[in-house]
Amino acid sequence: ASVSTGKVDMVVAGMTATDERKQSVDFSDPYYVASQVIVVAPDNTDITSAEDLKNDKTVGVVLGYTGDNIVTNDLQLAEDKVTRANRGIDIVQDVKNGKLDAVVIDSATGKALAEKNGLKIVEDPQAFETEEYAMCVKKGNTELLDEMNKALEELKEDGTVDKIIGNYIGDDTGKYQYESPADVDHSKGTLVMATNAEFEPYEYHEGDGIVGIDVDLSRAICDKMGYDLEILDMEFDSILPSIAAGAIMVFMTSLADFG
């Protein structure tokens, strides 16, 4: 309902700022640089690179994400060899259960899921280029985008971005949790963030809430700009088509000039 009525301000879903996507939405400055990896069974020895996936392997990807584009367009795997799912955890479980040979997925997500499930990571820097993750807003909404970029730059400069990322990735995992300052001013209203909360460590369900790099970063940015944050969880493959079709419009609590 929130999408159909236009109540979404920004999309933050581990989204790569590709040229194709820039035709329908405007992206913020990047906040994280990632790559793709291959997740395989621990005893797998015949998949050591992306090229090996062409050897009659069954491969899983998250629908609409970079891995999907790679196996479909770059590696051109046959459709009957590709399994698409909305959640990375589901296709990684299929590798663990022997239903799939491999999964192509974001490096941070892949490493986290592989560790939890006793699986192995295969890296191929020559096949998988780095990609920039950014937030996006409705195309032409330059005022909101400029505000977001200014807040993001301040959070980079004071070290908050690095702390947020470090809390979920690397040796400092669990050592820092972003919390809104006690005196934060949310008088400008509420921004609604659309995300796909099935993409650990960027956004995922934990207990009764949604946590992750993107969630903490979005909350920090909203605090800087003077807004409260509302999170809308939706499937990734429905986000961009809704933006392109004009179903996702800008909705502010108090700034009618963005409407």
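A polar contact is a pair of N or O atoms within 3.5 Å, and within protein one atom must be able to donate a hydrogen and the other to accept it. Keep that in mind for the start of helix α3, where a side-chain oxygen of D106 comes to within 2.9 Å of the backbone nitrogen of A108. What you have here is a predicted model, with seven helices and 15 strands in the protein chain. Of the 259 residues in that chain, 52% are buried.

**How far to trust it**

- The average pLDDT for the protein chain is 84, and 85% of the residues score at least 70.
- Residues 1-6 have a pLDDT below 50, though the model still gives this stretch 14 contacts beyond near neighbours in sequence.
- Residues 244-259 also stay under 50 in pLDDT, and here the model has 43 contacts beyond four places in sequence.
- Where pLDDT is low, the predicted coordinates should not be read in detail.

**Long-range contacts**

- Take the contacts in the protein chain between residues at least 6 apart in sequence: 76% of them join residues at least 24 apart.
- L77 and L53 give you one pair to look at, being 24 residues apart in sequence and 8.0 Å apart in space, C-alpha to C-alpha.
- For D223 and S180, the separation along the chain is 43 residues, and their C-alpha atoms are 6.8 Å apart.

**Helix α3 and its surroundings**

- Helix α3 covers residues 107-117, and its buried residues are S107, A108, T109, G110, L113, A114 and N117.
- The cover over those buried residues includes the strands β3 (32-34), β4, β7 (102-106), β8 (120-122) and β12, along with helix α2 (88-96).
- The D106 to A108 approach, within 2.9 Å, sits at the start of this helix.
- Just after α3 comes G118, with a positive phi of about 65°.

**Where α4 meets α6**

- Helix α4 (residues 142-157) and helix α6 (residues 213-225) have axes that come within 9 Å and cross at roughly 105°.
- That angle falls in the 65 to 115 degree range, so α4 counts as roughly perpendicular to α6.
- On the α4 side, the residues making the contact are L144, E147, M148, A151, L152, E154 and L155, and on the α6 side they are L217, A220, I221, K224 and M225.
- Sorted by class, this contact has nine nonpolar and three charged residues, with no polar ones.

**Three buried residues worth a click**

- D223 is in helix α6. Is D223 buried or exposed? With a relative accessible area of 10%, D223 is buried, since the cut-off for buried is under 20%.
- Beyond its neighbours within four places in sequence, D223 contacts Y178, S180, P181, V184 and H186.
- S28 belongs to the loop between β2 (25-27) and β3, and S28 is buried too, at 7% relative accessible area.
- Which residues touch S28, leaving aside its neighbours within four places in sequence? They are A134, M135, L145, N149 and L152. L152 is also among the α4 residues that meet α6.
- L77 is another loop residue, lying between α1 and β6, and its relative accessibility of 11% makes L77 buried.
- Outside its neighbours within four places in sequence, L77 is in contact with L53, K54, V59, V71, T72 and V82.

**Backbone oddities**

- The peptide bond from E200 to P201 is cis, with an omega near 10°. P201 is in the loop between β12 (198-199) and β13 (203-206).
- D56 is not a glycine, yet D56 has a positive phi of about 60°. You'll find D56 in the loop between β4 (36-40) and β5 (59-62), where D56 is exposed at 54% relative accessible area.
- Q76 has a positive phi as well, about 50°, and again is not a glycine. Q76 sits in the loop between α1 (66-74) and β6 (82-85).
- Is Q76 buried or exposed? Q76 is exposed, with a relative accessible area of 62%, whereas L77, in the loop between α1 and β6, is buried.

Note on methods: Residues numbered from 1 in each chain as written. Predicted model: local features only at pLDDT ≥ 70, side-chain atom pairs only at ≥ 80, totals over all residues. Heavy atoms only, no water. pLDDT = per-residue confidence, 0-100. Contact = heavy atoms within 4.5 Å. Helix = DSSP H or I, 4+ residues; strand = E, 2+ residues; numbered from the N terminus. Buried < 20%, exposed > 50% of the residue type's maximum accessible area, 1.4 Å probe, protein only. Axes fitted to C-alpha atoms, helices over the stretch in contact; angles between N-to-C directions. Parallel < 35°, antiparallel > 145°, perpendicular 65-115°, else oblique. Nonpolar A, V, L, I, M, F, W, Y, C, P; charged D, E, K, R; others polar.
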